[in-house]
Amino acid sequence: MDLKKKEYALYKGEKLVMIGTLDEIAKAQGVKRRTILFYQSPAYLKRHEKSHIGNYKVLVKLD
């Protein structure tokens, strides 16, 4: 399957920022596609879970 066609939801904290493809979300956020993909990586999530702030961006793949 092509990653460009899948839809994702971008959250900041518990607030839904937007739903779209990786390219759509990256363009709307003004960042590279790689940055958007990084928001769902284990390293990024682990880094922010330790901060206890809870207001960080998370990318969730929609089925």
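**Fold, core and surface of the predicted chain**

The protein chain contains 3 helices and 3 strands, where helices (H or I, at least four residues) and strands (E, at least two) are DSSP runs numbered from the N terminus. Read from the N terminus, the order of the elements is β-β-α-α-α-β. The model is a predicted one, in which local features need pLDDT of at least 70 and side-chain atom pairs count only at pLDDT 80 or more, while totals for chains, interfaces and linings use all residues. Residues are numbered from 1 along each chain as its sequence is written, and side-chain values use heavy atoms, with hydrogens and water left out.

The protein chain has 63 residues, of which 22% count as buried; buried means under 20% relative accessible area, exposed over 50%, and partly exposed in between (1.4 Å probe, protein chains only). The accessible surface of the chain comes to about 4,700 Å², and carbon and sulfur atoms account for 53% of that surface. Accessible areas were computed by the Shrake-Rupley method with a 1.4 Å probe, and for residues only the protein chains shown count as cover. Among contacts in the chain with a separation of 6 or more, 39% are between residues 24 or more positions apart, a contact being heavy atoms within 4.5 Å.

The largest nonpolar core is made up of 10 residues: Tyr-8, Leu-10, Leu-22, Ile-25, Ala-26, Ile-36, Tyr-39, Tyr-44, Tyr-56 and Leu-59. Such a core is a set of buried Ala, Val, Leu, Ile, Met, Phe, Trp, Tyr and Cys residues joined through side-chain atoms within 4.5 Å. Two or more residues of this core come from each of β1 (8–12) and α1 (22–29). The element that gives the most is α1, with 3 residues.

Within the core, Tyr-8 belongs to strand β1 and is buried because its relative accessible area is 1%. The C-alpha atoms of Tyr-8 and Leu-62 are 5.3 Å apart in space, although the two residues are 54 residues apart in sequence. Leu-59 is located in strand β3 (residues 57–61) and, with a relative accessibility of 4%, also counts as buried. When neighbours within four places in sequence are left aside, Leu-59 is in contact with Tyr-8, Ala-9, Leu-10, Leu-22, Ile-25, Ile-36, Leu-37, Tyr-39 and Gln-40. One of these partners, Ile-25, is 34 residues from Leu-59 along the chain, with a C-alpha separation of 9.9 Å. With the same neighbours excluded, the contacts of Tyr-39 are Leu-10, Tyr-44, Leu-45, Lys-57, Val-58 and Leu-59.

Two loop residues were also examined. Ser-41 is found in the loop between α2 (33–38) and α3 (42–49) and is buried, at 16% relative accessible area. A polar atom of the Ser-41 side chain lies 3.2 Å from the backbone nitrogen of Tyr-44. Gly-13 is placed in the loop between β1 and β2 and is partly exposed, its relative accessible area being 21%. Gly-13 and Asn-55 are separated by 42 residues in sequence, and their C-alpha atoms are 4.1 Å apart in space.

The count of salt bridges comes to 1, the criterion being a side-chain nitrogen of Lys or Arg within 4 Å of a carboxyl oxygen of Asp or Glu. The salt bridge is formed by Arg-33 and Asp-23, whose closest N and O atoms are 3.2 Å apart. It links distant parts of the chain, since Arg-33 is in helix α2 and Asp-23 in helix α1, 10 residues apart. Arg-33 counts as partly exposed at 25% relative accessibility, and Asp-23 counts as partly exposed at 36%.

On the surface, Leu-16, Ile-19, Val-60 and Leu-62 make a nonpolar patch of about 300 Å². Patches are made of residues with over 30% relative accessible area and no salt bridge, like charges being joined within 9 Å and nonpolar side chains (Val, Leu, Ile, Met, Phe, Trp, Tyr) within 5 Å. Of the patch residues, Ile-19 is located in strand β2 (residues 15–20). Ile-19 is partly exposed, with 46% relative accessible area.

How values were computed. A polar contact is a pair of N or O atoms within 3.5 Å; within protein, one must be able to donate a hydrogen and the other to accept it, and residues adjacent in sequence count only if both atoms are side-chain atoms.
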